[in-house]
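Work through these exercises with the sequence and the model side by side. Try each task before reading its solution.

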Amino acid sequence: MSYTVEKLDGNRACFTITVESKEFNEAREKAFRKNQKKISIPGFRKGKVPRKMIERMYGKDVFDDDAINIAAPPAYEAVLEETDLLIISHPNYEMVEVNEDDTFVFTATVAIKPEVKLGEYKGIEVEKREVKVLAADVNAELDRIREQNSRMVEVTDRAVKADDIVKIDFEGFVDDEPFEGGKGEDYDLTIGSHSFIDDFEDQLIGKNIGDDVDVNVTFPDSYHQPSLAGKPALFKVKIKAITEKELPELDDEFAEEVSEFDTLKEYKDDIKKSLTERRKEEAERAKEAEAVEKLTEAAEMDIPEEAVEDTIDSLAQEFAYRLQMQGMDPRTYMEMTGMTPDRLKDQMRPEAERRLRTRFALEAVVEAENIVPDDSEIEEEIKETAGMYGQSVEDYKKNLTDKDKEDIKKDLAVKKAAKFVADSAKEVKPAKKEDEPAEEEKED
């Protein structure tokens with residue numbers, strides 16, 4: 001294998017790669033074996049036709065298309081091992097020719113990492129974020145915990161009210177005719193959830209167990225079932241049961257049940273401490289995000305289109321994976337939303353460009369500051385990642401290639417660069433607006 005390289009405009013390069021006859025003929029043999037079982041010629045059993053016979057009948061180049069696909073990728077990978085260029089995209093292959101001496105020549109056009117001109121990245125001004133936890137914040141957290149520890153209680157001595165869960169039978173009619181999907185039995189409906197159309201739920205308020213209720217509603221014009229869209233409907237509803245959520249009393253007994261503390265005061269103090277730590281972490285993340293964003297905005301670079309396209313493809317794969325994790329087939333999503341692959345890519349382009357600009361700007365900081373993660377940091381990163389995959393550190397390490405290890409170091413260096421930029425940022429308190437009311441603060 002031999003190659004030449006030509007640098008192109010826009011941070012691109014074109015490799016012209018020659019695969020020697022020995023390697024290309026080996027690829028032809030692999031292509032023949034791949035297709036052998038499909039070939040049938042009179043006088044030979046299917047799959048038993050000699051290669052020379054096939055080439056005599058159809059030409060020596062009969063397997064060249066497959067052979068090219070077999071030979072090109074490893075030849076390109078060999079070039080990657082030798083070149084000093086920092087390649088940031090998949091190659092775009094083009095065949096040049098198969099020569100009479102059985103050498104094969106092709107080109108691989110790639111994007112190369114752009115040169116980055118950093119702006120001032122030390123002392124970037126960011127908003128100073130005050131970390132406060134007020135009594136209302138602690139009480140809101142207590143309310144959330146009470147909700148988690150609530151229980152449902154059957155109600156028999158009053159009518160339906162907001163936030164109740166009512167068990168109902170119902171059947172819907174349009175023009176005095178029942179419609180498909182309009183009937184249900186023992187359905188648990190939360191009053192105020194707005195899970196039913198129009199003011200359906202409101203019309204059950206004030207009714208009692210055993211009541212038969214006529215509920216009149218109108219389907220919205222945009223209703224997904226065209227035959228019902230915009231039409232008035234009557235639902236005949238039977239109320240069968242009422243339950244309500246009962247919250248535990250907020251006292252020392254509650255604190256003992258849900259925490260390691262004996263008194264409500266101790267528990268509230270701990271909640272305040274936890275909220276404070278959480279908000280400090282959130283403030284640090286927000287500070288870092290703002291500093292990195294300003295770093296990226298000030299950096300100058302020319303990102304090649306091939307790199308953007310590759311990143312868009314990665315984002316599309318991530319999006320499809322998230323849909324599948326939610327139980328939705330990506331093709332079904334596209335059909336339901338009217339989305340097309342081209343429109344989806346257009347929507348993802350700004351995020352792809354932002355990711356690339358951010359990465360390259362931070363890598364430039366890594367280089368400028370000679371940031372290198374130490375062994376303990378690498379070990380901790382491997383430990384965290386192994387835990388995410390449910391593997392032991394030893395098992396996870398066994399599957400790491402040299403490239404994987406190098407990628408871990410690079411990613412850690414980028415994280416350290418982001419922290420470096422944030423730590424060196426200058427926090428500035430935002431100017432108070434003239435019409436902004438004074439904040440009433442009540443510490444818990």
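**Exercise 1. Contacts of a core leucine**

Task: Find which residues leucine 362 is in contact with, leaving aside its neighbours within four places in sequence.

Solution. The model is predicted, so work from its coordinates as they stand. Set aside the sequence neighbours within four places; leucine 362 then contacts Val292, Leu295, Val414, Ala417 and Ala418.

Next, place this residue in its core. The largest nonpolar core has 36 residues. Leu362 is among those with the most contacts inside it, along with Leu295, Met301, Ile303 and Val365. Helices α6 (264-298), α7, α9 and α12 each supply at least two residues of this core. The largest share, 10 residues, comes from α9. A second, separate core has 25 residues, including Ala13, Phe106, Ala108 and Val110. As background, nonpolar side chains in soluble globular proteins tend to be buried together.

**Exercise 2. A charged residue in α9**

Task: Decide whether glutamate 363 is buried or exposed, and list its contacts beyond four places in sequence.

Solution. Start with location: glutamate 363 is found in helix α9. Its relative accessibility is 18%. Buried means under 20%. Glutamate 363 therefore counts as buried. Leaving aside neighbours within four places, its contacts are Lys113 and Val414.

**Exercise 3. A lysine in a strand**

Task: Classify the exposure of lysine 238, then find what it touches beyond four places in sequence.

Solution. Lysine 238 is found in strand β10. Its relative accessible area is 32%, so lysine 238 is partly exposed. Outside its neighbours within four places, it is in contact with Lys167, Ile168, Asp169, Gly210, Asp211 and Asp212. Take glycine 210 from that list. Glycine 210 and lysine 238 are 28 residues apart in sequence, yet 6.6 Å apart in space, C-alpha to C-alpha.

**Exercise 4. Aromatic pairs**

Task: Assign the geometry of two ring pairs, tyrosine 187 with phenylalanine 196 and phenylalanine 200 with phenylalanine 235.

Solution. A ring pair is described by the distance of the centres and the angle of the planes. The structure holds 19 aromatic pairs. In the pair of tyrosine 187 and phenylalanine 196, the ring centres are 5.2 Å apart and the planes lie at 45°, so this pair is tilted. Tyrosine 187 is partly exposed, with a relative accessible area of 33%. Phenylalanine 196, at 16% relative accessibility, counts as buried.

Now the second pair. The rings of phenylalanine 200 and phenylalanine 235 have centres 5.3 Å apart and planes at 80°, so the pair is edge-to-face. It links distant parts of the chain, 35 residues apart. Phenylalanine 200 sits in the loop between β8 (177-190) and β9 (212-218), and phenylalanine 235 in strand β10 (residues 232-246). Both phenylalanine 200 and phenylalanine 235 are buried.

Finally, put the pairs together. Ring pairs join Phe170, Phe179, Tyr187, Phe196, Phe200, Phe219, Tyr223 and Phe235 into a cluster.

**Exercise 5. The largest pocket**

Task: Describe the lining of the largest pocket by class and find which helix gives the most to it.

Solution. The largest pocket has a volume of about 1400 Å³. It is lined by 39 residues; closest to its centre are Ile87, Ile88, Lys403, Asp407 and Lys410. By class, the lining has 19 nonpolar, five polar and 15 charged residues. Helices α3 (64-82), α7 (305-325), α9 (341-369) and α12 (402-423) each supply at least two lining residues. The most come from α12, with nine.

Conventions. Residues are numbered from 1 along each chain as its sequence is written. This is a predicted model: local features need pLDDT of at least 70, side-chain atom pairs count only at pLDDT 80 or more; totals for chains, interfaces and linings use all residues. Side-chain values use heavy atoms; hydrogens and water are left out. Rings of Phe, Tyr and Trp (its six-membered ring) pair if their centres lie within 6.5 Å; planes under 30 degrees apart count as stacked, over 60 as edge-to-face and the rest as tilted. Buried means under 20% relative accessible area, exposed over 50%, partly exposed in between (1.4 Å probe, protein chains only). Helices (H or I, at least four residues) and strands (E, at least two) are DSSP runs, numbered from the N terminus. On a 1 Å grid over the protein atoms alone, a cavity is a set of points where a 1.4 Å probe fits but cannot get out, and a pocket is an open set with protein on both sides within 12 Å along at least five of seven lines; lining residues have an atom within 4 Å of a point. Grid points are joined across faces, edges and corners, and a volume is the space filled by probe spheres set on the points. Ala, Val, Leu, Ile, Met, Phe, Trp, Tyr, Cys and Pro count as nonpolar, Asp, Glu, Lys and Arg as charged, and the others, Gly among them, as polar. A nonpolar core is a set of buried Ala, Val, Leu, Ile, Met, Phe, Trp, Tyr and Cys residues joined through side-chain atoms within 4.5 Å. Contact means heavy atoms within 4.5 Å.
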